[in-house]
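Hi everyone, thanks for coming. I'd like to walk you through one structure today, so have a look at it while I talk.

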Amino acid sequence: MEVCNGLRRTLAKARRPAVATHRSVDGAAARGATTMLRNVVQTAAFGVLVGFATLSTARADEPAPPFKPAISDEAATAISQMGKTLHARDLSVTARTVSVYLDEFGQPLHIFHTIKIAARRPDRIAVKFIGDDGRHDLFYDGKAASVFFPDSKKYMTIPASGDIPSALDEIGDKLDLDFPLGVLFAGSPDEVLLDDTMAAWQVGTATVDGIECRHLLFSQKSGIDVELWVEKNDAATPHRLVVTYPLLQGQPSFVAEFTGWTTELPLSDSEFTFEPPADVKKIDPIPAVASGTEGSR
């Protein structure tokens, strides 16, 4: 899976606005932002490769010592508890997010969203995005994925199958649409998070929306820093997520704050099924454009 693993790919995409990049729907500004952030992803991957390439070769013949991540007991326990909580069959949550990155002139931009998510494992998810770059809704019912643009009254539908992570990959590849919080709905969110971790520890505790939380920091092999604030109890429900890219120019970041977690009420099939209104137009998806290039239609 490219240079990045699943988590790095998902979190890297979080730096670009969570907007569908279909060129018959979005304006030039959104396409420009997407292209810039794709270039940032390329830079990140290149930086990782260069870092390994420049390591000293003087000890090339010596066997490398086994690598053991330095993960504290507090961090390991909290993330394991979080994984069990997020593995509930039905989940719903609201996230307020901000993506921060530099534009082509080196000026910092902040793109805000409110994202409402409902998911039923293993193969149902519905997401509503409302933000600075417009509104769009995503539906996946186990057989097809649809993206609806209420403002322009257009929608796209593609066949899709598999669990939620597989479907989100298909949506990203075929519709060029990214869901930056998809990692939370992976089969085992805790394992995905720890897979790329070099070190993890508890920074301290903090109160988030009146709830005492553990503040955890994860230093990734890819050069990404992940901070999580999870409830200081056996559920370890996440309330805040910050992803920072310290090796990239301007240190782009992604911040999400979560409210309204629900893991007990069953969700109906209608939550995940898209029924197009009579006055909307179906449009054909355009395959994702290769990094650094723009297609035309």
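**A walk through the fold**

Let's start with one residue: Asp137 has its place in strand β5, residues 134-140. Before I go on, please keep in mind that this is a predicted model.

So, is Asp137 buried or exposed? Asp137 is buried, because its relative accessible area is 3%, and the cut-off for buried is under 20%. And what does Asp137 touch, if we leave aside its neighbours within four places in sequence? The contacts are Val127, Lys128, Phe129, Ser146, Val147, Phe148 and Pro150.

Pick Phe129 out of that list, since we'll need it again in a minute.

Okay, let's zoom out. The protein has 297 residues, and 47% of them count as buried. You'll find 5 helices and 13 strands in it. About 14,600 Å² of the protein is exposed, and 53% of that comes from carbon and sulfur atoms. Now take the contacts between residues at least 6 apart in sequence: 54% of those join residues at least 24 apart.

Next, the strands. Look for β2, residues 90-102. Of its 13 residues, 10 are buried, so the rest of the structure largely encloses this strand. Who are its partners? On one hand there's β3, residues 108-120, which runs antiparallel to β2 and is joined to it by 13 bridges. If you want a place to check that, find Asp90: its bridge partner in β3 is Arg120. β2 and β3 make a hairpin with 5 residues between them, and in the turn Gly106 has a positive phi of about 85 degrees.

On the other hand, β2 also pairs with β12, residues 253-262, in the antiparallel sense over 8 bridges. There, Val98 has Val255 as its bridge partner in β12.

A quick bit of background for the first-years: in a regular strand, side chains alternate between the two faces of the sheet.

Now move over to β8, residues 197-208. With β1, residues 70-71, it pairs in the parallel sense over 2 bridges, and Ala70 stands opposite Ala199 in β8. With β9, residues 211-220, β8 runs antiparallel, and 10 bridges join the two. Thr197 has Gln220 as its bridge partner in β9. This one is a hairpin too, with 2 residues between the strands, and Asp209 takes a positive phi near 55 degrees.

Right, on to the rings. A pair of aromatic rings is described by the distance of the centres and the angle of the planes. How many aromatic pairs does this structure hold? There are 6. Here's Phe129 again: the centres of the Phe129 and Phe179 rings are 6.2 Å apart and the planes are at 85 degrees, so we call the pair edge-to-face. Phe129 is in strand β4 (residues 124-131), while Phe179 is in the loop between α4 (164-175) and α5 (189-195), so this pair ties together parts that are 50 residues apart in sequence. Both rings belong to buried residues: Phe129 has a relative accessible area of 1%, and Phe179 has 9%.

Another pair is Phe258 with Trp261, and this one is tilted, with 5.7 Å from centre to centre and 45 degrees between the planes. Phe258 is buried at 1% relative accessible area, and Trp261 is buried at 17%. Then there's a cluster, where ring pairs link Phe139, Phe148, Tyr155 and Phe274. One more ring to look at: the charged end of Arg240 sits over the ring of Trp229, 5.0 Å from its centre.

Why talk about cores next? In soluble globular proteins, nonpolar side chains tend to be buried together. Here the largest nonpolar core has 52 residues, and those touching the most other members are Ile117, Phe179, Leu181, Leu241 and Phe258. A second, separate core has 9 residues, including Tyr155, Leu267, Phe272 and Phe274. Notice that Tyr155 and Phe274 were also in the ring cluster.

Last stop, Ser152. You'll find it in the loop between β6 (144-149) and β7 (154-159). Ser152 counts as partly exposed because its relative accessibility is 32%. Which residue should you look for alongside it? Try Val280: Ser152 and Val280 are 128 residues apart along the chain, and their C-alpha atoms are separated by 8.3 Å.

That's my tour, thanks for listening!

Note on methods: Residues are numbered from 1 along each chain as its sequence is written. This is a predicted model: local features need pLDDT of at least 70, side-chain atom pairs count only at pLDDT 80 or more; totals for chains, interfaces and linings use all residues. Side-chain values use heavy atoms; hydrogens and water are left out. Helices (H or I, at least four residues) and strands (E, at least two) are DSSP runs, numbered from the N terminus. Buried means under 20% relative accessible area, exposed over 50%, partly exposed in between (1.4 Å probe, protein chains only). Rings of Phe, Tyr and Trp (its six-membered ring) pair if their centres lie within 6.5 Å; planes under 30 degrees apart count as stacked, over 60 as edge-to-face and the rest as tilted. A charge sits over a ring if NZ of Lys or CZ of Arg is within 6 Å of the ring centre and within 35 degrees of the ring normal. Contact means heavy atoms within 4.5 Å. Accessible areas come from the Shrake-Rupley method with a 1.4 Å probe; for residues, only the protein chains shown count as cover. Two strands pair if DSSP finds at least two bridges between them. A nonpolar core is a set of buried Ala, Val, Leu, Ile, Met, Phe, Trp, Tyr and Cys residues joined through side-chain atoms within 4.5 Å.
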